[in-house]
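User: I am new to this structure and would like to know what stands behind the words used for it. Could you take me through them?

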Amino acid sequence: MLPWTALGLALSLRLALARSGAERGPPASAPQGDLLFLLDSSASVSHYEFSRVREFVGQLVAPMPLGPEALRASLVHVSSQPYTEFPFGQYSSGEAVQDAIRTAAQRMGDTNTGLALAYAKEQLFAEAAGARPGVPKVLVWVTDGGSSDPMGPPMQELKDMGVTVFIVSTGRGNLLELSAAASAPAEKHLHFVDVDDLHIIVQELRGSILDAMQTQQLRASEVTSSGFRLAWPPLLTTDSGYYVLELVPRAGPGTPRRQQLPGNATEWTWVGLDPDTDYDVALVPESNVHLVMPQHLRVRTRPAEPPASAFPAPPAPEEEEAGPARIVISHARPRSLRVSWAPALGAPAALGYHVQFGPLRGGAAQRVDVPAGRNSTTLQGLAPGTAYLVTVTAAFRSGRESALSAKACTPDGPRPRLDPRRPPPRPGGREP
């Protein structure tokens with residue numbers, strides 16, 4: 001009876017393992033996609049800063065699964081004209097990519113980020129240029145925060161193609177503009193870090209990139225003011241289950257919308273949505289065969305485009321509503337500092353300003369309102385030896401706002417002084 005008992009136990013064990021695997025579902029596939037690094041290589045970046053950024057990018061890609069059937073990497077410089085250091089597919093190993101990053105030379109010139117983004121769209125991410133169809137696409141833009149040309153429209157075109165955009169700013173630039181340029185939510189895709197502290201975000205950013213590169217990732221593309229297209233890889237079959245798509249406006253009392261789709265579906269287009277609105281999307285696979293976790297995505301529709309007859313005449317240059325042209329940090333103390341700013345020349349007078357500030361390494365942000373006619377304020381209650389991101393926003397009569405950000409650091413506090421009249425403490429901490 002012993003052989004039969006052993007055989008029965010072996011069969012029971014195999015059945016239990018098979019059932020356990022079915023409950024867990026199919027194993028997660030390896031990341032696959034195209035990863036483009038866009039580096040500010042212009043004269044606004046010092047050679048030291050560029051070398052630290054180059055080191056940071058090398059650390060990011062070091063453990064990534066690079067290869068022809070996995071992740072492909074490319075590096076493009078932002079300068080007067082975009083320059084490709086190496087395109088997708090040139091290197092098939094992580095070591096080769098790191099060597100190419102290590103030897104990349106700074107290009108100098110102007111910071112034409114918009115031109116580089118349009119170049120990336122047409123020459124690297126477009127299928128007509130050889131991009132792989134159906135794989136996730138990620139852009140990591142490392143910048144000192146400025147751009148010599150408009151970068152909003154080409155960045156939006158990339159996001160409409162389904163490109164996930166991460167932005168790493170070394171502490172300067174327009175916070176509102178960069179938040180709008182990064183993929184939503186901005187708190188996950190936008191990092192303000194001092195150039196000497198870039199190593200702090202390497203692990204977090206690498207994890208976010210790999211998450212975006214998973215082939216089982218829900219993606220949005222063809223975003224308009226009234227809808228967008230969703231796509232996902234085949235997670236089920238017609239016989240193994242079905243999908244439930246849920247769409248909920250993030251703000252406001254909008255009614256959730258739901259759509260049931262067969263198990264062989266891999267895309268759906270939502271229409272009839274509100275312009276300039278954040279929507280939370282959930283893809284819920286329902287299956288009795290194995291467990292597949294729901295996927296979530298946040299998508300913002302584009303602003304409504306008025307008819308051609310509704311476009312007003314372009315304002316004269318002197319009436320452009322521009323925010324502060326320059327921020328100056330002075331009188332830095334361990335727990336306070338002074339922020340001053342210069343309004344843009346020729347811009348209409350602002351109704352007032354508000355100054356937001358918070359620690360670069362995380363923490364609650366605070367706000368100080370400054371009335372019109374003043375261009376400075378003192379920030380109180382700061383922590384000694386801490387780097388802060390300070391954003392000055394000008395509010396105008398039209399309702400628009402324009403902002404500029406800068407990094408500020410408080411010095412370390414003074415060390416406690418010993419009373420010369422008191423003898424030093426004895427060993428062991430006891431005083432005489």
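Analyst: Gladly! Let's start with a term we will need: a pocket is an open set of grid points with protein on both sides within 12 Å along at least five of seven lines. Please keep in mind that this is a predicted model. With that term in hand, the second largest pocket holds about 820 Å³ of space. It has 29 lining residues, and the closest to its centre are L190, F192, P359, L360 and L389.

User: What makes a residue part of the lining of the second largest pocket, and which element gives the most?

Analyst: A lining residue has an atom within 4 Å of a point of the pocket. By that rule β16 gives the most, with five residues. The elements that each supply at least two residues are α6 (175-181), α7 (186-189), β6 (190-192), β16 (352-359) and β19 (387-395). By class, the lining has 14 nonpolar, nine polar and six charged residues.

User: Which domains does the lining of the second largest pocket draw on?

Analyst: Domain 1 (33-213) and domain 3 (325-410) each give at least three residues to this lining.

User: What makes a space a cavity, and how many of 30 Å³ or more does the structure hold?

Analyst: In a cavity a 1.4 Å probe fits but cannot get out, whereas a pocket is open. The structure holds one cavity of 30 Å³ or more. The largest cavity has a volume of about 60 Å³, and L39, D40, V45, E49, V53, V142, T143, D144 and T170 line it. The elements giving two or more residues to that lining are β1, α2 and β4. Sorted by class, the lining has four nonpolar, two polar and three charged residues.

User: Why is T143 called buried?

Analyst: The relative accessible area of T143 is 2%, and buried means under 20%, so T143 is buried. T143 lies in strand β4. Not counting residues up to four places away in sequence, T143 touches D40, I167, V168, S169 and T170.

User: How do you know whether V163 is buried or exposed?

Analyst: The same kind of check works here. V163 has a relative accessible area of 3%; the cut-off for buried is under 20%, so V163 counts as buried. Its place is in strand β5. Leaving aside neighbours within four places in sequence, V163 is in contact with F125, K137, V138, L139, L158 and S183. V163 and D34 are 129 residues apart in sequence and 9.5 Å apart in space, C-alpha to C-alpha.

User: Why is P275 described as partly exposed?

Analyst: Partly exposed is the class between buried, under 20%, and exposed, over 50%. P275 has 35% relative accessibility, so it falls in between. P275 lies in the loop between β11 (267-270) and β12 (278-287). Leaving aside neighbours within four places in sequence, its contacts are S225, T301, R302, P303 and A304.

User: Which class do M108 and H331 belong to, and what is notable about phi in M108 and H331?

Analyst: M108, at 29% relative accessibility, counts as partly exposed. H331, with a relative accessible area of 53%, passes the cut-off of over 50% and is therefore exposed. Phi of M108 is near 65°, a positive value in a residue other than glycine. H331 also has a positive phi, near 50°, and is likewise a residue other than glycine. M108 lies in the loop between α3 and α4 (113-125), while H331 is in strand β14 (residues 324-333).

User: How do you know that the span of helix α2 is close to what is expected?

Analyst: The expected span is 1.5 Å times one less than the number of residues. Helix α2 (residues 47-61) has 15 residues, for which 21 Å is expected, and it reaches 22 Å from its first C-alpha to its last. The buried residues of α2 are E49, F50, V53, F56, V57, G58, L60 and V61. Among the elements covering them are β1 (33-40), β2 (71-78) and α8 (202-213).

User: Where is there a cis peptide bond?

Analyst: A cis peptide bond joins A184 and P185, with omega about -5°. P185 is found in the loop between α6 and α7.

Methods: Residues numbered from 1 in each chain as written. Predicted model: local features only at pLDDT ≥ 70, side-chain atom pairs only at ≥ 80, totals over all residues. Heavy atoms only, no water. Helix = DSSP H or I, 4+ residues; strand = E, 2+ residues; numbered from the N terminus. Buried < 20%, exposed > 50% of the residue type's maximum accessible area, 1.4 Å probe, protein only. Contact = heavy atoms within 4.5 Å. Points joined across faces, edges and corners; volume = space filled by probe spheres on them. Nonpolar A, V, L, I, M, F, W, Y, C, P; charged D, E, K, R; others polar. Domains from an automatic or database assignment.
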